[in-house]
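The following exercises concern the fold, the cores and the cysteines of one chain. Please work through each task before reading its solution.

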Amino acid sequence: MASNDEGGAQVLKTCDLCEKDTDIRYKCMDCNKFLCEKCKRIHKNVPTLSLHDICDLKSELSCQINTKVRMDNIPCSYHKKFQCMFCKDCEVLVCSECISNSHQKHCLESLEKTCEEKLSKLERYKAKIEKDVACLQKSYSDFAIVKTEWENSLDDISSKINEKEEELKEAVTKYTAKMRDGVTEKNGTELKICC
């Protein structure tokens, strides 16, 4: 595994725990840390980390399959015990001590059920958003067609106005020439009469 330094050269990545070993073979999916062989063993032996899912980087399939969210290691923000339920009334995760102290008569639900419900709700929102996006894309496409037709119509009207302008100019030029000729004729006739 390598990363870029500021100069763009490849630098071997070191283990996220010991920060020495560059032979990275594992990743803790819970901590999002890359580990060497030695640190993997240490990580597994720490009681609070022993349930973490560590995948072998050589087997990408095990890393991809291991995406299930673990709910048995979420500590309570007040008592530092692991949370085991969801209080629907307060919309918070609670541990056994929270339940006995302040959530006794509240509506409680398992974390798995709460997550399934929330995930289902998110999937419905996603489906609605995808439907709305498709509808908006169609409306945008329809609008683009109408806009193009409108612009073409304006170009056509503008062309017709220009043609009419030329026709009117030509008609006015002919009419004024005819009037000038008439004035000149009348003027010539009057001169003959006078003489």
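**Exercise 1.** Determine what share of the contacts with a separation of 6 or more joins residues 24 or more positions apart.

Solution. Contact means heavy atoms within 4.5 Å. Among contacts in the chain with a separation of 6 or more, 22% are between residues 24 or more positions apart. The model is predicted: local features need pLDDT of at least 70, side-chain atom pairs count only at pLDDT 80 or more, and totals for chains, interfaces and linings use all residues. Residues are numbered from 1 along each chain as its sequence is written, and side-chain values use heavy atoms, with hydrogens and water left out.

**Exercise 2.** Describe the secondary structure of the chain and state how much of the chain is buried.

Solution. Helices (H or I, at least four residues) and strands (E, at least two) are DSSP runs, numbered from the N terminus. The chain has 4 helices and 8 strands, in the order β-β-β-β-α-β-α-β-β-α-β-α. Of the 195 residues, 14% are buried, where buried means under 20% relative accessible area, exposed over 50% and partly exposed in between (1.4 Å probe, protein chains only).

**Exercise 3.** Identify the residues of the largest nonpolar core and the strands that supply them.

Solution. A nonpolar core is a set of buried Ala, Val, Leu, Ile, Met, Phe, Trp, Tyr and Cys residues joined through side-chain atoms within 4.5 Å. The largest has 9 residues: Cys15, Ile24, Tyr26, Cys28, Phe34, Leu35, Cys36, Cys39 and Ile54. At least two residues of this core come from each of strand 3 (26-28) and strand 4 (33-35). A second, separate core has 6 residues, including Cys87, Val94, Cys95 and Ile99.

Next, consider Cys36. Beyond its neighbours within four places in sequence, cysteine 36 contacts Cys15, Cys18, Asp21, Asp23 and Tyr26.

**Exercise 4.** Establish whether cysteine 87 is buried or exposed, and how far away the nearest cysteine sulfur is.

Solution. Cysteine 87 counts as buried because its relative accessibility is 0%. A disulfide is a pair of cysteine sulfur atoms within 2.5 Å, and the whole structure has 0 disulfides. For cysteine 87, the nearest cysteine sulfur is that of cysteine 90, 3.7 Å away.

**Exercise 5.** Locate histidine 103 and list what it touches.

Solution. Histidine 103 is in the loop between helix 3 (96-102) and strand 8 (108-110). Histidine 103 has a relative accessible area of 9%, and is therefore buried. Not counting residues up to four places away in sequence, histidine 103 touches Cys87, Cys90, Val92, Val94, Cys98 and Leu108.
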